[in-house]
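Here is a quick walk through a few spots worth pulling up in the viewer. Have the chain open and follow along.

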Amino acid sequence: MENLENSTDCKETVSPLNNSGSILNSTVSHHDGKAMGFVLVHAGAGYHSESKAKEYKHVCKRACQRAVDRLRAGGLALEAVTAALIELEDSPFTNAGTGSNLNLSGEIECDASIMDGKSLNYGAVGALSGIKNPVLVARRLLSETQKGKLSAGRIPPCFLVGKGAEQWAISHGIPACPTEKMTTKFSLSGYKRNKRKMELAEQVETKRKRQSCGHENDFGCLEPVGDIMVEGEENNSACLDTVGAVVVDRDGNVAAAVSSGGLAMKHPGRVGQAAHYGCGCWAENARDVSLYSTAVSTSGSGEHLIRTMLARECSTAMQAENAHQALLEAMQNKFISSPFLAGEDCVLGGVIVLRCCTCGEAQRSEDIQALLVEFLWSHTTESMCVGYMSAQDSKPR
């Protein structure tokens, strides 16, 4: 059975914004080929409506279960993390795949990436339309890069965007899915509401400019544009970004993946951190210079996460002896107080992190394989929904 020890809650405040997390040291071992492995998933850092808390928890639990099912069947970390992401993308309550935010043109454009800690290969798509599960395209891109060069010595792509990504996906057997089938009542109503607010804000700004030029202002005392943008909105439940997962398999290989519908009302063609190398996810097996294997998945404001390459920064930090303290310091020094974000009033982001190493007992005996798995999460946003499960657990948590 799984041995759980040193379970603590992290409540340290590293900025004026919220920060919370948890750390768990879990020794996972098996004899005679018994399944082992671990998965940690998240449904975005942002604001999660209390009225939908049950749905968010359920989708995280289902994602954990899908990944563990793959691990129990002998699947590798890359297969398990893909299974988890498909479940997250298929939920109408997450901002990824089905139910993604609509852009200014009322279309869905998704970003996704995946990384294999063993090979260090990476695959990603950006501003992708017409595909139900963007992570499948990212996964296929990764697989194709492992096959070597294309005809005439061409290097295979690892990152495709827009129409080219959609065409490549279809040509490689991934079925198309029209936007209307991926749009939910929730995402469509959010788009219509935001569009009305933008139109009202533009009207107010026009009146403001006329007033500054000495023209009569029939609005009377104008409210700030920002107030109008949020007026009448009970809670900004659309403030959810990337979903993601990190996995370690029975052989100690790690993998990470992310997927996102991006910001609501974003400009067509905008690509967030979910597709960018070192920003959305990172996975790296232990090597000569590193004691721990690490996997990271991020969420939050894409522009902030891109400019700080937070996924890779957190992975590097996890080589420190105290993982808990290292993550808090990385969030503070490499993200919240980063010189690359100087002048930003509100730095929004969250991470889930997994690190593991081979236990001493496994090194002493060929009959026992054991991994020490530590997992953590931290966020500067109001909330972050997280789920986790070991291959030896009866149910996700």
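## Two alanines with unusual backbones

A152 is out in the open: its relative accessible area is 82%, well past the 50% needed to count as exposed, so exposed is what we call it. Keep in mind that this is a predicted model. A152 belongs to the loop that runs between α3 (134-145) and β6 (159-161). What makes A152 worth a click is its backbone, with a positive phi of about 65° even though the residue is not a glycine. As background, most residues other than glycine have a negative phi.

A127 plays a similar trick, with a positive phi of about 50° and, again, no glycine to account for it. The setting is another matter, though: A127 sits in strand β5, which covers residues 122-128. Is A127 buried or exposed? With a relative accessible area of 7%, A127 falls under the 20% limit and is therefore buried.

## An aromatic cluster

Next, the rings. The chain has 6 aromatic pairs. One of them joins F38 and Y388, a stacked pair with 6.4 Å from centre to centre and 25° between the planes. Where do the two partners come from? F38 is in strand β3 (residues 38-46) and Y388 is in strand β13 (residues 383-390), so this pair ties together parts of the chain 350 residues apart in sequence. F38 has a relative accessibility of 0%, so it counts as buried. Y388 comes in at 18%, which is under the 20% cut-off, so Y388 counts as buried too.

Y388 also pairs with F375, and here the geometry is tilted: 4.6 Å centre to centre, with 45° between the planes. F375 lies in strand β12 (residues 369-379) and Y388 in strand β13, so this link spans 13 residues in sequence. F375 is at 0% relative accessibility and therefore buried. Put the pieces together and you get one aromatic cluster made of F38, F375, W377 and Y388.

## A charge over a ring

For a ring with a charged partner, look at Y292. R355 lies over the face of Y292, at 3.7 Å from the ring centre.

## Where α9 meets α10

Now over to a pair of helices. Helix α9 takes in residues 310-317 and helix α10 residues 323-336; they pack at an angle of about 140°, with 9 Å between their axes. The crossing of α9 and α10 is right-handed.

Which residues make the contact? From α9 it is L310, E313, C314 and A317, and from α10 it is A326, L327, A330, M331, K334 and F335. Sorted by class, that gives 8 nonpolar residues, 2 charged ones and no polar ones.

## The chain as a whole

Zooming out, the secondary structure adds up to 11 helices and 13 strands. The chain has 397 residues, and 55% of them count as buried.

How do the contacts spread along the sequence? Take the contacts between residues at least 6 apart in sequence: 73% of these join residues at least 24 apart. The F38 and Y388 pair, with its parts 350 residues apart in sequence, is an example to keep on screen.

Note on methods:
Residues numbered from 1 in each chain as written. Predicted model: local features only at pLDDT ≥ 70, side-chain atom pairs only at ≥ 80, totals over all residues. Heavy atoms only, no water. Axes fitted to C-alpha atoms, helices over the stretch in contact; angles between N-to-C directions. Helix = DSSP H or I, 4+ residues; strand = E, 2+ residues; numbered from the N terminus. Left-handed = near helix turned anticlockwise from the far one by under 90°. Contact = heavy atoms within 4.5 Å. Nonpolar A, V, L, I, M, F, W, Y, C, P; charged D, E, K, R; others polar. Phe/Tyr/Trp six-rings, centres within 6.5 Å; stacked < 30°, edge-to-face > 60°. Buried < 20%, exposed > 50% of the residue type's maximum accessible area, 1.4 Å probe, protein only. Lys NZ or Arg CZ within 6 Å of the ring centre and 35° of its normal.
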